Amino acid sequence: MTILYEIYDNLYVNLTNRCPCACTFCLRQDRDEMNHSGSLWLEREPSVEEVKREFDHFDMTKYKEVVFCGFGEPTERLEDLLEIAAFIKERYGLPVRVNTSGLADLIYKKDTAPMFQGLVDTVSISLNTPDKADYHRLTRNRFGEESFDALLLFAERVKQYVPKVVLTTVETTITKEQEKKCQEICDRLGVFYRIRPWESNTLS
Ligand code: SF4
């Protein structure tokens, strides 16, 4: 099963297929891999030790960043993710990014932002839309409409603990006017806004 896979200059970690969302646009619906990664559907979730050992099969000097993403929501395994992030930093000295739905606080029913301190360099959160009702309609997440405000609160909080927080939307999926509103949200929160190319519309 594919635990680690390359996309351009980065190495991606596929920890889980669990996700609190069922996004209408999720590419998992009609493909099983990214960039010739091999299937990202996991037979079972790899243990932390298995993931650590998997790095031995890759030339880690080639990569600019290690990204927790995969075919699922990586924060579904937040403690394991952070243990592996610590290992990556100690062993390879590489920056770590987490691509996420930003719903970890709802998954764990607590403020998770402080857990990221010193272990994660970038948190990239899928905003998808500037509108609360649209967000729930698009992501079909299990938490209901409160999820949008929880995402924004998480972004604001985690900014205190990681160097870079980015909210993203995907190009051509919303109007220019909506992109302007997303930029305003990001300005208000003090985080970066990024419009991702369509092809990266895999996961959070
Ligand atoms: S796009 Fe991401 S957040 Fe949405 S269902 Fe797919 S894996 Fe989950």
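Let's start in strand S4, which spans residues 96–100 and includes Asn 99. Keep in mind as we go that this is a predicted model. Asn 99 has a relative accessible area of 9%, and because buried means under 20%, Asn 99 counts as buried. Its side chain is not without a polar partner: Asn 99 makes a side-chain to side-chain polar contact with Arg 97, at 3.1 Å.

From there, step along to helix H3, made of residues 104–108, where you will find Ala 104. With a relative accessible area of 0%, Ala 104 is buried. Which residues does Ala 104 contact, once neighbours within four places in sequence are left aside? They are Thr 75 and Thr 112. Pro 74 is 30 residues away from Ala 104 in sequence, and their C-alpha atoms are 9.4 Å apart in space.

Now for the nonpolar interior. As a general background, nonpolar side chains tend to be buried together in soluble globular proteins. In this model the largest nonpolar core has 53 residues, and the ones with the most contacts inside it are Phe 55, Phe 68, Ile 88 and Leu 167. Apart from that core lies another one, of eight residues, among them Leu 40, Val 67, Cys 69 and Phe 71.

Phe 55 deserves a longer visit. Its relative accessibility is 1%, so it counts as buried. Not counting residues up to four places away in sequence, Phe 55 touches a list of residues that includes Leu 4, Leu 11 and Val 13, along with Met 60 and Val 66. The list also includes Ile 84, Phe 87, Ile 88 and Tyr 92.

Aromatic rings add another layer to this picture. How many aromatic pairs are there? The count comes to seven. One of them joins Phe 55 and Tyr 92, with ring centres 5.9 Å apart and an angle of 40° between the planes, which makes the pair tilted. This pair links distant parts of the chain: Phe 55 sits in the loop between helix H1 (48–54) and strand S3 (65–68), while Tyr 92 belongs to helix H2 (residues 78–92), and 37 residues separate the two. Phe 55 is buried, whereas Tyr 92, at 23% relative accessibility, counts as partly exposed. Ring pairs bring in Phe 87 as well, so to speak, linking Phe 55, Phe 87 and Tyr 92 into a cluster. Elsewhere, a ring has a charge for company: the charged end of Lys 164 sits over the ring of Phe 192, 5.3 Å from the ring centre.

Next comes helix H4, residues 132–139, whose buried residues are Tyr 135, Leu 138 and Thr 139. Why do they line one face of the helix? Looking down the axis of H4, these buried residues fall within an arc of 85°, so they line one face. As a general matter, an α-helix has 3.6 residues a turn, so residues three or four places apart point the same way. What do the buried residues of H4 pack against? Their partners are strand S5 (122–126) and helix H5 (146–158).

Both ends of H4 have details to look at. At the start, a side-chain oxygen of Asp 131 comes to within 3.2 Å of the backbone nitrogen of Ala 133. Just after the helix, Arg 140 takes a positive phi of about 45°. Further on, in the loop between H4 and H5, is Glu 145, which is partly exposed, with a relative accessible area of 43%. Leaving aside neighbours within four places in sequence, Glu 145 is in contact with Lys 132, Ala 133 and His 136. The C-alpha atoms of Glu 145 and Ala 133 are 6.4 Å apart, although their positions lie 12 residues apart along the chain.

The positive phi of Arg 140 has company. In general, most residues other than glycine have a negative phi. Tyr 8, in the loop between strand S1 (4–7) and strand S2 (10–13), has a positive phi near 50°. Thr 172, in the loop between strand S6 (164–170) and helix H6 (176–189), has a positive phi of about 75°. Are these two buried or exposed? Tyr 8 is exposed, with a relative accessible area of 74%, and Thr 172 is exposed too, with 71%.

Note on methods:
Residues are numbered from 1 along each chain as its sequence is written. This is a predicted model: local features need pLDDT of at least 70, side-chain atom pairs count only at pLDDT 80 or more; totals for chains, interfaces and linings use all residues. Side-chain values use heavy atoms; hydrogens and water are left out. Buried means under 20% relative accessible area, exposed over 50%, partly exposed in between (1.4 Å probe, protein chains only). Helices (H or I, at least four residues) and strands (E, at least two) are DSSP runs, numbered from the N terminus. The arc is that of the directions from the helix axis to the C-beta atoms. Contact means heavy atoms within 4.5 Å. A polar contact is a pair of N or O atoms within 3.5 Å; within protein, one must be able to donate a hydrogen and the other to accept it, and residues adjacent in sequence count only if both atoms are side-chain atoms. Rings of Phe, Tyr and Trp (its six-membered ring) pair if their centres lie within 6.5 Å; planes under 30 degrees apart count as stacked, over 60 as edge-to-face and the rest as tilted. A charge sits over a ring if NZ of Lys or CZ of Arg is within 6 Å of the ring centre and within 35 degrees of the ring normal. A nonpolar core is a set of buried Ala, Val, Leu, Ile, Met, Phe, Trp, Tyr and Cys residues joined through side-chain atoms within 4.5 Å.
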